[in-house]
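Biologist: I have a model open and would like to go through it with you. Where do we start?

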Number of protein chains: 2
Amino acid sequence: MPKFKKIAVVGIGLIGASLAAALKKYDPNIKITAVDRCLESIKKAEKLEIIDQGFTELKDNLSEAELIFIAVPVAAIPSVIRKIKDGSKGKQLLVDAGSTKKEIMLQAKEILAGTKKIFVGGHPMAGSHKSGLDWHQVDLFKDAPFILTPWIEESKSLLPTDEALKNSNVEEEQLQQLKELIENLKAKVHIISAEEHDRCTAYLSHLPHLLSSALVNLSSKRDLDSSFLELSGSGYRDMTRIAGSSPELWQDIIISNRKNLSELVTEYIAELKELQLNLENNEENKIYNFLASAAEIKNKSREK
Amino acid sequence: MPKFKKIAVVGIGLIGASLAAALKKYDPNIKITAVDRCLESIKKAEKLEIIDQGFTELKDNLSEAELIFIAVPVAAIPSVIRKIKDGSKGKQLLVDAGSTKKEIMLQAKEILAGTKKIFVGGHPMAGSHKSGLDWHQVDLFKDAPFILTPWIEESKSLLPTDEALKNSNVEEEQLQQLKELIENLKAKVHIISAEEHDRCTAYLSHLPHLLSSALVNLSSKRDLDSSFLELSGSGYRDMTRIAGSSPELWQDIIISNRKNLSELVTEYIAELKELQLNLENNEENKIYNFLASAAEIKNKSREK
């Protein structure tokens, strides 16, 4: 099966630089071209030898790449896709790394209509609350889920059927090659629909982020002096860690998945309202059931 | 300054056994007597040489101890205090390890009125989601906050004034000895009022626990298959870790601090309602401000 030999990365931040480094580690012969608005990042990446050549503008600089990873913030992805389309007429596979998928899939479909370029949604579920090239890790994707969302018909199941995949926008062989490449970076590839992805990540990633931020914000509304946080233990630290992440990146993510999130926050509020009533009325058994059901679910998933 | 030479521990679970082990490590000459309803635990603790002698009933077995650590679940503390009172008439210092303080302080005051026994609330803010003797660690308290709440007049400041401490139920010298003993176990001692303790821990420990449990419970209300959780990253893992703790222990803790918690959950719901409206109305700036304020507070506290 022919492999990708010329790969481009747009955006040399935490994800883009880690991807480039992982690709180079897997196969030093892969030629990696990069684009980033920041000249300093490009120079650093060249010096680190995780890219072969870099540019600060996209133009037609990526026309030779067979595969282009788009690792820019969610809100900037459509304009990057448009520039790639304007840069060359050739057949190219485009994969993004955005944290939400449905909206971007619809935009990519519209922008690329009538061209030879194929867009497959990508979401490496790895990261850090630190962003930027300086924090890149060659093993960032190791053992982490890497989701691919080709364009498929909406399906109720988490995994798209073979039938649905045959009708997707990407050739089966091409999708297989992409999957293998990412598996060579030691990531665990999951192929699901964009809708299912956004429902899953709203619950598994975006809602936790909002809950963590709301918990931290509450501290500023209470009259707490500085020695107060010294009393916190590992529970509070764990629960508030992700609140320290870049608000610019997360604003994009939250907004692009806001419909799923709005529903989920409403459901979560309903959970808390019931709990609040149980606290007010000292419903010991109901409070026990609430805690016991969570512990059971959590410990069952831990055993796996 | 005279030191405690005879110390008792009631309850040889994670906290009690770790305390006994840490005390023996600090000074092997301290004589440690223990009481636990479970004979197997007593035998194990004796075999591990973290206690000198153990009993399955309290009776008058602890009458020689100068200091008694009560490391049983919150709901069982009053009956232990009563048994200690019935066991001997001598002067003794009692310290518990419960996660809430105000209610227990009031009960201890009533039970011990007219005796020579002094109760000081204690709360080692260390632990694990695993409970029981088998999980004990000699270094469990190292670098962790260990809060002491002597009986003092209600104060608005986090730290009680020297004046308030002079009027407390415990002699200054005795409190100082207790503080030094615990500092010798490498814990960081904080002396605050019981009210302030309960307000702090409601926010720093109990609310996070409820939020984590509510997040896990939400997964059972959604139609999620088993492969779903494979897509979770470190954010979800961190946010749900504490939900796996013992529901028995936590039911006690939550219920004994339910008034503070009921207020806090109400405040938290108000935060989420505002957020939900902002999601529904696509208020990009307000969503940004929500995330940015949390990130700023979190990163400021991290720098310390």
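Modeller: With a caution on the annotations: UniProt positions are given in the numbering used here, feature names are shortened, and annotations may be inferred rather than shown by experiment. Also, this is a predicted model.

Biologist: Fine. Which residues of chain A does UniProt list for "coiled-coil region"?

Modeller: The UniProt entry, an unreviewed one, lists residues 161–195 and 258–285 of chain A under that name.

Biologist: How much of the span 258–285 of chain A is helix in the model?

Modeller: Residues 258–285 of chain A are 89% helix and 0% strand. The C-alpha atoms at the two ends of that span are 35 Å apart.

Biologist: Anything odd in the backbone around there?

Modeller: N282(A) has a phi near 50°, which is positive, and it is not a glycine. N282(A) sits in the loop between α10 (258–280) and α11 (284–303) of chain A.

Biologist: Is N282(A) buried, exposed or partly exposed?

Modeller: Partly exposed, because its relative accessible area is 29%, and the partly exposed class runs from 20% to 50%.

Biologist: Now the interface. How many residues are in contact between chain B and chain A?

Modeller: On the chain B side 87 residues, on the chain A side 86. The two chains bury about 8500 Å² between them. Carbon and sulfur atoms account for 66% of that area.

Biologist: And how many salt bridges and polar contacts cross the interface of chain B and chain A?

Modeller: The rule finds two salt bridges across it. One of the two is between D238(A) and R241(B), where the closest N and O atoms are 2.6 Å apart. Polar contacts come to 38 residue pairs, with both residues at pLDDT 80 or more.

Biologist: Which elements of chain B supply residues to the side that touches chain A?

Modeller: Those with at least two residues each are β7 (145–149), α7 (194–221), α8 (234–240), α9 (247–256), α10 (258–280) and α11 (284–303) of chain B. Of these, α7(B) gives the most, with 18 residues.

Biologist: Take a residue in α7 of chain B, say T201(B). What does T201(B) touch?

Modeller: Leaving out neighbours within four places in sequence, T201(B) is in contact with S99(B), H123(B), M125(B), H206(B) and N257(B). T201(B) counts as buried because its relative accessibility is 2%.

Biologist: What about L261(B), which is in helix α10 of chain B?

Modeller: L261(B) is at 0% relative accessibility, so it counts as buried too. Beyond four places in sequence, L261(B) touches L279(A) in the other chain, and A202(B), H206(B), L207(B), L210(B) and I254(B).

Biologist: How far apart are L261(B) and L210(B)?

Modeller: In sequence, 51 residues; in space, 9.3 Å from C-alpha to C-alpha.

Biologist: Change of topic. How many aromatic pairs are there over all chains?

Modeller: Four. Among them is F141(B) with F146(B), a tilted pair with 6.2 Å between the centres and 55° between the planes. F141(B) and F146(B) are both buried.

Biologist: Which class does D143(B) fall into, going by its relative accessible area?

Modeller: D143(B) is partly exposed, because the value is 48% and exposed starts over 50%. D143(B) lies in the loop between β6 (118–124) and β7 of chain B. Although not a glycine, D143(B) has a positive phi of about 65°.

Technical notes:
Residues numbered from 1 in each chain as written. Chains lettered and ligands numbered in written order. Predicted model: local features only at pLDDT ≥ 70, side-chain atom pairs only at ≥ 80, totals over all residues. Heavy atoms only, no water. Phe/Tyr/Trp six-rings, centres within 6.5 Å; stacked < 30°, edge-to-face > 60°. Buried < 20%, exposed > 50% of the residue type's maximum accessible area, 1.4 Å probe, protein only. Helix = DSSP H or I, 4+ residues; strand = E, 2+ residues; numbered from the N terminus. Contact = heavy atoms within 4.5 Å. Buried area = accessible area lost by both parts, 1.4 Å probe. Salt bridge = Lys/Arg side-chain N within 4 Å of Asp/Glu carboxyl O. Polar contact = N/O pair within 3.5 Å; in protein donor to acceptor, adjacent residues only side chain to side chain.
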